Amino acid sequence: MFFVNLTLRHAYRDPAVLTRFLARKVNPELGLDPVLMDAVDMDWHKTMAERLEREGLTCSLHLPFFDLQPGSADSLLLEATRERLRRAMQVAKIYRPRHLVAHARYDHLLYMLTYPLWKERSLETWKRTLDVWPDHPPLYLENTAEPDPATVTELVETLAVDHGMAVGLCLDFGHWYSFAKGKEENNLDAWLDAAQSCLSHVHLHDNDGSFDQHLGLGAGTIPWEDVFEGLEKRNLTPTVTFEPHGEEAFVRSMAFVLDRADWFDPLGVTWEAHAKR
């Protein structure tokens with residue numbers, strides 16, 4: 001099983017987006033954002049969830065991240081973040097997702113000297129968020145612009161090990177390569193080594209290192225052969241979400257999968273089964 005990103009706000013604004021997506025017969029990772037949450041009621045989400053179920057699709061759900069700071073030192077911003085995530089969990093329950101994804105959102109420019117305090121506030125945010133849904137599916141915290149993988153993996157491991165929570169790491173290779181300057185630093189092994197104990201899920205899309213372009217796989221310069229060799233070397237078999245932006249990027253990514261089945265089969269990604277449906 002694998003997932004492909006579907007922004008719920010786009011599906012709401014343009015029903016043709018949803019129609020095209022459903023025609024692919026792939027499982028969606030639903031992107032939930034504050035704008036969409038403020039625009040629709042729970043009945044809209046129930047209708048959407050019912051439609052996905054009729055199509056026989058299993059979803060995952062990406063929690064909101066716009067302007068949110070789960071470890072903010074500003075008490076007002078922190079409370080707003082926690083309230084938004086609390087409401088998002090109420091929505092998430094409607095979709096019965098296989099797992100949840102959220103951004104850790106560590107800002108090294110703001111908190112480079114106070115990481116322990118940031119981590120303490122973040123831990124409380126995620127504990128409160130998950131308490132909204134006691135039998136929640138796993139939550140995978142994702143790297144965005146963190147230059148050091150330990151800032152995310154330590155948070156994940158503390159939640160999972162010290163607090164016994166169903167939390168893992170979502171490693172976004174596009175974010176590593178561009179935002180975290182992975183292209184310049186050439187530090188893939190360091191990230192994979194740090195992720196080894198807690199990696200649960202990966203986001204796959206491509207870019208040229210200058211920005212988070214969400215290109216189809218092979219359209220940028222991410223060293224995918226090194227990525228998959230690194231996963232295999234460490235016996236890592238995370239679940240997968242593809243994050244192409246646009247039909248051309250999707251088609252290119254699926255062609256990439258077909259051409260490299262030996263890379264993707266261990267991760268449960270088999271495109272032929274979908275292409276024949």
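Two strands count as paired if DSSP finds at least two bridges between them. By that criterion, strand 1 (residues 2-7) is joined to strand 2 (residues 27-31) by 5 bridges, and the two run parallel; within this pairing, Val4 has Pro28 of strand 2 as its bridge partner. The structure described here is a predicted model. This briefing covers its strands, two of its helices, its largest nonpolar core and several individual residues.

**Strand 1 and its partners**

- Strand 1 is mostly covered, with 5 of its 6 residues buried.
- Besides strand 2, strand 1 pairs with strand 8, again in the parallel sense, over 3 bridges.
- In the pairing with strand 8, Phe3 stands opposite Thr241.

**Strands 3, 4 and 5**

- Strand 4 (residues 100-103) is covered on both faces: Leu100 and Ala102 are buried on one side, and Val101 and His103 are buried on the other.
- Strand 3 (residues 60-62) runs parallel to strand 4 and is joined to it by 2 bridges, with Leu61 placed opposite Leu100.
- Between strand 3 and strand 4 the chain passes through helix 5, forming a right-handed β-α-β crossover.
- Strand 4 also pairs with strand 5 (residues 139-142) through 4 bridges in the parallel sense, and there His103 faces Glu142.

**Helix 5**

- Helix 5 contains 21 residues and spans 31 Å from its first C-alpha to its last, close to the 30 Å expected at 1.5 Å a residue.
- At the N-terminal end of helix 5, Asp74 acts as a cap, with a side-chain oxygen 2.9 Å from the backbone nitrogen of Leu76.
- Buried positions of helix 5 include the nonpolar residues Leu78, Leu85, Met89, Val91 and Tyr95, and also Arg82 and Arg84.
- Just after helix 5, Arg96 adopts a positive phi of about 50°.

**Helix 7**

- Helix 7 (residues 115-131) has 17 residues, and its first and last C-alpha atoms are 24 Å apart, close to the 24 Å expected at 1.5 Å a residue.
- Among the buried residues of helix 7 are Tyr115, Trp118, Leu123, Trp126 and Leu130, together with Lys119 and Arg121.
- These buried residues of helix 7 pack against helix 5, strand 4, helix 6 (108-111), strand 5, helix 8 (150-162) and strand 6 (167-172).

**Largest nonpolar core**

- The largest nonpolar core comprises 81 residues, and Tyr95, Phe173, Leu204, Trp224, Phe242 and Phe264 have the most contacts inside it.
- Helix 5 (residues 75-95) supplies the largest share of this core, 6 residues.
- In soluble globular proteins, nonpolar side chains tend to be buried together.
- With neighbours within four places in sequence set aside, Phe242 is in contact with Phe2, Phe3, Val4, Asn5, Leu204, Leu217, Met254, Val257, Phe264 and Val269.

**Asn207**

- Asn207 is located in the loop between strand 7 (199-204) and helix 12 (224-233).
- Asn207 counts as buried because its relative accessibility is 0%, under the 20% cut-off.
- The side chain of Asn207 reaches the backbone oxygen of Gly174 at a distance of 3.1 Å.
- Neighbours within four places in sequence aside, the contacts of Asn207 are Gly174, Tyr177, Ser178, Asp212, Gln213, Leu215, Gly220, Thr221 and Ile222.

**Asp193**

- Asp193 belongs to helix 11 (residues 188-195).
- Asp193 counts as partly exposed because its relative accessibility is 45%, which lies between the 20% and 50% limits.
- The side chains of Asp193 and Arg234 are joined by a polar contact of 2.8 Å.
- Asp193 and Leu236 are 43 residues apart along the chain, and their C-alpha atoms are separated by 11 Å.

**Positive phi in loops**

- Most residues other than glycine have a negative phi.
- Lys181, although not a glycine, has a positive phi of about 60°. Lys181 sits in the loop between helix 9 (173-177) and helix 10 (182-185) and is partly exposed, with a relative accessible area of 42%.
- Asn235 likewise is a residue other than glycine with a positive phi, near 55°. Asn235 lies in the loop between helix 12 and strand 8 (239-242) and is exposed, with a relative accessible area of 69%.

Conventions. Residues numbered from 1 in each chain as written. Predicted model: local features only at pLDDT ≥ 70, side-chain atom pairs only at ≥ 80, totals over all residues. Heavy atoms only, no water. Buried < 20%, exposed > 50% of the residue type's maximum accessible area, 1.4 Å probe, protein only. Polar contact = N/O pair within 3.5 Å; in protein donor to acceptor, adjacent residues only side chain to side chain. Contact = heavy atoms within 4.5 Å. Core = buried A, V, L, I, M, F, W, Y, C linked by side-chain atoms within 4.5 Å. Right-handed = clockwise from strand over helix to strand, strands pointing away. Expected span 1.5 Å × (residues − 1).
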